[in-house]
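Dear colleague,

I am passing on the structure we spoke of, and below it I have set out what was found, going from the sheet to the core and then to a few single residues.

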Amino acid sequence: MTTDKPASGYYGAEAYNSEHLPQQKRPAPGANPALPWFNRKADRKLPWGHTEDVVPQIIRRRNRPEMLRKFEKNPTPFGDLQSHQRIDHECYRHATAALRTRILLLFSAFGHPILIAIVSIPMLIAVGIAYYHKPSSTDHVDYFIQILWALSWVFVPLFACNLIPTALFKLFPRQLIKPDKGPLWELNRRTGLVTVFHYDKKGVWGKTGQPEEDSAPFYEFDAYTSNELIHGGGVVHTLYLAHRYRNILIPIGTLIGKTNPEECYALWDMFQNFMDTSRPLPDIPLWEEHRANDPVTAEHDRRTNRPPRYWRDMDNDTWKQKNDEMALQVLRLNTPGRLDIMRNSWVSSPRPRRQRPVASRQATE
């Protein structure tokens with residue numbers, strides 16, 4: 001899905017356009033300075049282009065229509081708290097919460113109702129087996145007291161992990177709900193630049209309070225999926241961007257965690273579609289409220305008569321159907337088998353010609 005003409009004057013000179021790629025230096029095999037030497041053979045480089053309109057599952061779940069409607073009713077749930085994260089028609093700027101907030105959220109995850117339900121199933125089976133084999137002389141009341149005492153050692157810590165952080169967040173929101181020192185990285189659709197923010201206490205940030213920025217055009221980065229063995233012989237994957245010519249590495253896979261390769265492929269497609277100024281913004285709930293502010297997207301929506309609240313007014317049953325359809329589309333992705341459009345923009349560096357030594361006149365005579 002492309003537009004007739006990109007908006008002239010709105011996007012920067014280095015904005016990414018999949019239909020007009022600038023010529024670039026051909027990278028030498030295995031010479032990417034951003035890749036550790038032990039990862040160059042294990043990690044898989046993903047091709048550019050031929051994307052599909054897909055989004056990873058965790059991003060779909062966080063931005064489902066009912067959540068967007070709740071946010072519209074209460075756009076500032078934490079009052080005047082300023083977050084360093086920014087997601088709109090111009091950029092995707094990623095930032096994390098402060099360390100104290102992340103620690104409490106980690107404890108809260110151990111008390112998630114789904115985790116408690118998963119733990120309960122084998123525990124109930126074990127209680128049933130123990131009750132079936134209990135000695136006939138054991139009193140029923142004494143037996144259940146022993147069972148409850150044993151179960152308390154498992155479930156009391158799990159419930160505490162859920163209740164204590166929740167109570168602390170409600171009692172001390174301003175002290176515990178804090179953003180980190182600043183953003184970590186940014187993908188800017190309008191300028192076409194990818195920026196990494198550095199916070200060095202001995203450098204500029206330590207002296208001025210402003211982070212150092214390292215920027216490069218989006219089309220100079222390549223996407224890689226890493227492979228990591230886990231307990232039981234399984235393999236999980238994550239996605240990161242590595243600059244082709246400089247030592248810049250961005251772990252964008254932290255947005256979805258360590259997962260299967262198809263989810264990484266979907267994240268790579270999503271960001272390519274977001275940065276590509278030859279096409280509108282990805283048509284997903286995450287960017288719907290910003291579509292009218294991007295000229296290419298606004299023109300596309302005008303021509304196609306797209307409803308401005310297509311996702312936000314969608315009912316839960318329709319959303320479930322759309323979500324299931326995209327989940328199946330993500331599972332069918334075969335990104336490594338695509339042709340890489342970026343290879344067409346590479347130019348070989350001319351090699352200097354070897355000059356033949358000119359024989360002296362005396363030698364030829």
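To begin with one pair of residues in this predicted model, F221 has H243 in β9 as its bridge partner. That bridge belongs to a wider pairing, since β8 and β9 run antiparallel to each other and are joined over nine bridges. Both strands sit in an open sheet of four, whose order is β2-β8-β9-β10 and whose pairing is antiparallel. The edges are taken by β2 (44-46) and β10 (249-250), and because each of these has a single partner strand, one side of each is left without a neighbour in the sheet.

Across this sheet lies a helix: α8 crosses β2, β8 and β9, and its direction makes an angle of about 25 degrees with β9.

The largest nonpolar core holds 43 residues, of which F218, I250, L267 and F271 touch the most other members. Two or more residues come from each of α1 (57-62), β5 (185-188), β6 (193-198), β8 (221-229), β9 (235-243), α8 (261-275) and α10 (316-331), and the largest share, nine residues, is given by α8. If neighbours within four places in sequence are set aside, F271 is in contact with Y92, W185, L187, F218, I252 and L255. Another core lies apart from this one and has seven residues, including V127, Y143, I147 and L151.

A residue you may wish to look at is V196, which is placed in strand β6. With a relative accessibility of 10%, V196 counts as buried, because the cut-off for that term is under 20%. Outside its neighbours within four places in sequence, V196 is in contact with L184, W185, E212, E213, D214, I248 and I250. Its C-alpha atom is separated by 9.1 Å from that of A216, although the two residues are 20 apart along the chain.

In helix α9 (residues 295-304), the buried residues include V296, T297, H300 and D301. These cover an arc of only 130 degrees around the axis, and therefore lie on the same side of α9. An α-helix has 3.6 residues a turn, so residues three or four places apart point the same way. After α9 comes N305, with a positive phi near 55 degrees.

Lastly, the cysteines: C91 is buried at a relative accessible area of 0%, and C264 is likewise buried, at 0%. A search of the whole structure for disulfides finds zero.

With best wishes

Technical notes: Residues numbered from 1 in each chain as written. Predicted model: local features only at pLDDT ≥ 70, side-chain atom pairs only at ≥ 80, totals over all residues. Heavy atoms only, no water. Core = buried A, V, L, I, M, F, W, Y, C linked by side-chain atoms within 4.5 Å. Buried < 20%, exposed > 50% of the residue type's maximum accessible area, 1.4 Å probe, protein only. Contact = heavy atoms within 4.5 Å. Disulfide = S-S within 2.5 Å. Arc of directions from axis to C-beta. Pairing = 2+ DSSP bridges. Axes fitted to C-alpha atoms, helices over the stretch in contact; angles between N-to-C directions.
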